Structure formats: structure tokens, C-alpha cells
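Work through the exercises below with the model open. Try each task before reading its solution.

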Amino acid sequence: MAFPDRIERVVELGHPPAKVWAALTTAEGLGTWFGQEASIDLRPGGAGELKWDNGFRQYLRVERVEEPRVFGFTWRIYGLPDDDPRRTYVEFTLEPAGAGTRLTVVETGFAQLPDDTHREAFGGNTGGWARELDELAGYLDAA
């Protein structure tokens, strides 16, 4: 039996694509809803870093930037050693939806993992995206 490889979430946000784009692609935006501090070099091949108050850090490599519609990056897989070369790919796609934005988030690359790591990474990120997207909506509503 094959492992699930893809997490997909779609959320309707009551804000224009430009505002959602800024929340996804700037250090200020990312450091508010997706961690407590962030840096990002917004170009293919650019580096990013997310930091949480508990000391956890996540490093990004920007893969795709098609402003204001598509932003994609790769990042380390939770549960693997920091020097493991395997990564998952995360892509945000923004579509105008009335006065707001339909945001689709897809993360792929989990099928490359062994059983125990797959369960931890896939399950953790599935729940993580639900929480983080709620935080994004809250950030946008408060801004």
C-alpha cells in the first residue's frame, strides 16, 4: 500500500490577493502568523528561515515566485536529522474569489519516507497546516 504523498488545504480568505501575498512572502507577514520571527530572500534559490519562541527553526529554499499568484518552497522534513537531504515541497496558489482570495496550499514529498517517519511527518504537517492557516486568517483579519 502506498503512503499518502500530498496534503492539500483550501481556504477562503476575505482579503484581496495582494494582502494575502504579502502575508505569505514577507518576513513581517511570515514572522507573525507562521512562527515568531522570519527572514526570506524572495527569489528562486533564495533562503528563508522561520523561528519559534520554543527554539525550533525551519529553513526554506524558495523554488517558485510568480507574484501575486504562486509561491513555492522546499523545507526539511520533521523527524529527520538536520543534515538529511530529503525535503517536501510546499506551494501556495492564490486566486481572486469575489472581494477575497481562495488560497490553496499543497505539500508533497512524503512518499519518500519510511513508515515511522512518514506517520510522524505526514500526521504532524496535516494538523500543522490546519493550525497555521487558522493563524494566517487571524493575522489577516487583525491587520
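Three exercises follow, on the sheet, its helices and a pocket.

The model is predicted: local features need pLDDT of at least 70, side-chain atom pairs count only at pLDDT 80 or more, and totals for chains, interfaces and linings use all residues. Residues are numbered from 1 along each chain as its sequence is written, and side-chain values use heavy atoms, without hydrogens and water.

**Exercise 1. Trace the sheet.**

Task: find the order of the strands in the open sheet, and the strands at its edges.

Step 1. Fix the terms. Strands (E, at least two residues) and helices (H or I, at least four) are DSSP runs, numbered from the N terminus. Two strands pair if DSSP finds at least two bridges between them.

Step 2. Start with β1 (residues 6-13). β1 and β7 are antiparallel and share eight bridges. V10 faces T104 in β7.

Step 3. Move on to β6 (residues 87-97). Nine bridges tie β6 to β7, again antiparallel. E91 sits opposite V106. The hairpin of β6 and β7 has two residues between the strands, and G98 has a positive phi near 65°.

Step 4. Go to the other end. β3 (residues 47-51) and β4 (residues 57-66) are joined by five bridges, and K51 has R57 as its bridge partner. β2 (residues 37-40) and β3 run antiparallel with four bridges. Their hairpin has six residues between the strands, and G45 in the turn has a positive phi of about 90°.

Step 5. Assemble. The order is β1-β7-β6-β5-β4-β3-β2, with antiparallel pairing. β1 and β2 are the edges: each has a single partner strand, so one side of each lacks a neighbour in the sheet.

**Exercise 2. Place the helices.**

Task: which strands does each of α1 and α3 touch?

Step 1. Apply the contact criterion: heavy atoms within 4.5 Å.

Step 2. Take α1 (residues 17-25). α1 packs on the sheet and touches β1, β2, β4, β5, β6 and β7.

Step 3. Take α3. α3 also packs on the sheet, touching β1, β5, β6 and β7.

**Exercise 3. Describe the pocket.**

Task: which element gives the largest share of the lining of the largest pocket?

Step 1. Define it. On a 1 Å grid over the protein atoms alone, a pocket is an open set of points where a 1.4 Å probe fits, with protein on both sides within 12 Å along at least five of seven lines; lining residues have an atom within 4 Å of a point.

Step 2. List the centre. Of 19 lining residues, the closest to the centre are F56, G124, N125, G128 and E132.

Step 3. Read the share. α3 gives seven residues, the largest share.

Note on methods
Axes are lines fitted to C-alpha atoms, for helices over the stretch in contact, and angles run from 0 to 180 degrees between N-to-C directions.
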